[in-house]
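Please walk through the annotated site of this structure, beginning with a single side-chain contact and then widening the view to the surroundings.

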Amino acid sequence: MKVEYLPHTADIRMRITAAHLQELFHVGIIGMGNILKENFCLQDYPFDQKLKIEITASDPTCLLIDFLSEVLSVSCTEKGIFCKVIFIEFTPIKTIAEIYGKHVFGFDEEIKAVTYHEADIFKNNDGHWETMVVFDI
Amino acid sequence: MKIHKTDINKVTDYIWEIPKSFRPAMRVPARVLASEPLLDDIMGDRSLVQLVNVASLPGIKGAALVMPDVHEGYGFPIGGVAATIFPDGAISPGGIGYDINCGVRLLTSNLKRDHIKDKTEALSKEMYAQIPSGMGKGGQIRLSEQEMDQVLLKGAEWAIEKGYGKKEDLAYMESNGRLQDADPSLVSAMAKKRGTDQLGTIGSGNHFVEVDYIEEVYDETIAKAYGLCKDQIVVMIHTGSRGLGHQIATDYTKQIITAMPRYGMQVPDRELACVPFNSIEGQNYFKAMCAAANYAWCNREIISWEARKAWANIFGAKVEPLKLMYDLAHNIAKIETHLVHGEKAQLIVHRKGATRAFGPGFKELPQDYKAVGQPVIIPGSMGTFSFVLAGTPISEELTFGSCCHGAGRRLSRTAAKKQVNAPVLQEKLKEKGIFVTAGSYKGIAEEAPIAYKDVNMVVQTISDSGIAKKVAKLRPVAVIKG
């Protein structure tokens, strides 16, 4: 699994890749958590927040963006950063998941939204799942 | 898709056009308002590709437009204007943006530059102390559910009723600080939750509070009408609807992506997702957007109250309080009447990073501005100039009554952080008499002047094209950021 941050004039453009579709979602929240607070999800904090979320969408790309949007929303309301996900149910158009995070006092970066712009999940030449995610900053 | 300069026709020295024939999906031409050097700069990112996409919106009229401060966004370019036909043309949350009614206001004082010289640093620190800023930080006000609904309905009026503002401010706000179509019942519980503790906060990113002095007056008559004069100290506030607005845009973009196929609408980018304005989904979004716009006006009114408190704490209660010169939205959709091919038409005007710039006689303007036109406030980057302009009838002919909203970003945040040493920049600005108080060095580096276009060029283009007149140039003395 891999997260890369690419140039964008005003916002943050993140390319994520993973061997499995579910793993791509996990990479997504790690990549987003590390924007909210630098390298936060690379550290071994004990989690003190746990939430269950359920998302349905018309395709896997929308499912990923809607999933990340929901995680972002609860990060803002719960004032926490979520770095781990356990899927209770996962299909290309529906997921029920438990997300685990840690309370923080403020973020390094304010993400206004997870956008659908340039998001398009596909299998790359290495046989891995890949997509771009652009965050409105 | 690549756009080359040979694809662009010169219409005038300041208007460039990508014809409708450039791509079959385009319903109208794509027009760029820029001088040639700015056009060359604009071609450095994907702004024009995004503009061409906007030109394919169902029901779009006239032309898809961008202002000289345009830069690449995430669907619509930032600095764009798209007008669709009322009542069944498209409404697109992407054409307004996630920060609904992000906007700017200017407060005037009766103090001159010399009066505050020795107190600038103290004022900067007091403003920073009084005005909550930064990522995920809440303010002093906690809204109950009932209070939240009142804020969403009444906008700035709520702040005034509760003693956080001045009644006379309302006349000096776009739409008098309240959109009547707001419906709080169409705002999600999550959006309301996110907005509970964020009134009176500026947030982070490019949002700020700035103290400036008027370095130059270009038009004495208009400046006098606006209450501006040389060396006068003014305060500028730039922020929007915070997490509440972000959540409303997120909620409705998702709903509209799902609903769009039912109306046979297709767009080249999901962030342009749209539905007919008069559809249920279109109306629901519009009424929720109006509620977020009201929250933003209430937010800027409360921030003004905090700034007024800081002002009184530093200069004493006997000094005349700050007076609102004007407040403008630059991320919003409004129903307006404009000429399309010589005929009057009611339109849904999307402004994303664009400011309304109506000329003299506009009925909403306060009496003292009616003869000179609506004020247009153009913040520059931190450490450079900002400008006050006045709208003209030409903007109504060329740009659906719209103007630019800032200098326009040209460097990514990552590139800015690589190129800028924030402590050094902060010290250099201090040597120039500009005190920057910020929550982090990262924020200073990202918003460094080098990250933005030359605001002088952007404003000169606006002025030369005739869509707004230069009134005054402002130089910062204190910048407060998250």
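Which backbone oxygen does the side chain of His238(B) reach? In this predicted model, the partner is the backbone oxygen of Asn206(B), which the side chain of His238(B) reaches at 3.1 Å. His238(B) itself lies in strand β9 of chain B, a strand that covers residues 232–239. With a relative accessibility of 6%, below the 20% limit for burial, His238(B) counts as buried. Leaving aside residues up to four places away in sequence, the contacts of His238(B) include Asn206(B), His207(B) and Phe208(B), together with Cys102(B), Gly103(B), Val104(B) and His330(B).

The contact with His330(B) leads to the annotation, since UniProt, in an unreviewed entry, places the feature "binding site" at His238(B) and His330(B). Although these positions are spread over 93 residues of sequence, they cluster in space, with a largest C-alpha distance of 10.2 Å. The lining of the largest cavity includes both His238(B) and His330(B).

Turning to the second annotated residue, His330(B) is placed in the loop of chain B between β11 (323–329) and β12 (331–340). His330(B) likewise counts as buried, because its relative accessibility is 2%. Again setting aside residues up to four places away in sequence, His330(B) touches Cys102(B), Gly103(B) and Val104(B), three residues that His238(B) also touches. The contacts of His330(B) further include His238(B), the residues Arg351(B), Lys352(B), Gly353(B), Ala354(B) and Thr355(B), and also His405(B).

Note on methods: Residues numbered from 1 in each chain as written. Chains lettered and ligands numbered in written order. Predicted model: local features only at pLDDT ≥ 70, side-chain atom pairs only at ≥ 80, totals over all residues. Heavy atoms only, no water. UniProt positions renumbered as here; feature names shortened; annotations may be inferred. 1 Å grid on protein atoms, 1.4 Å probe; cavity = no way out; pocket = protein on both sides within 12 Å on 5 of 7 lines; lining within 4 Å. Helix = DSSP H or I, 4+ residues; strand = E, 2+ residues; numbered from the N terminus. Buried < 20%, exposed > 50% of the residue type's maximum accessible area, 1.4 Å probe, protein only. Contact = heavy atoms within 4.5 Å. Polar contact = N/O pair within 3.5 Å; in protein donor to acceptor, adjacent residues only side chain to side chain.
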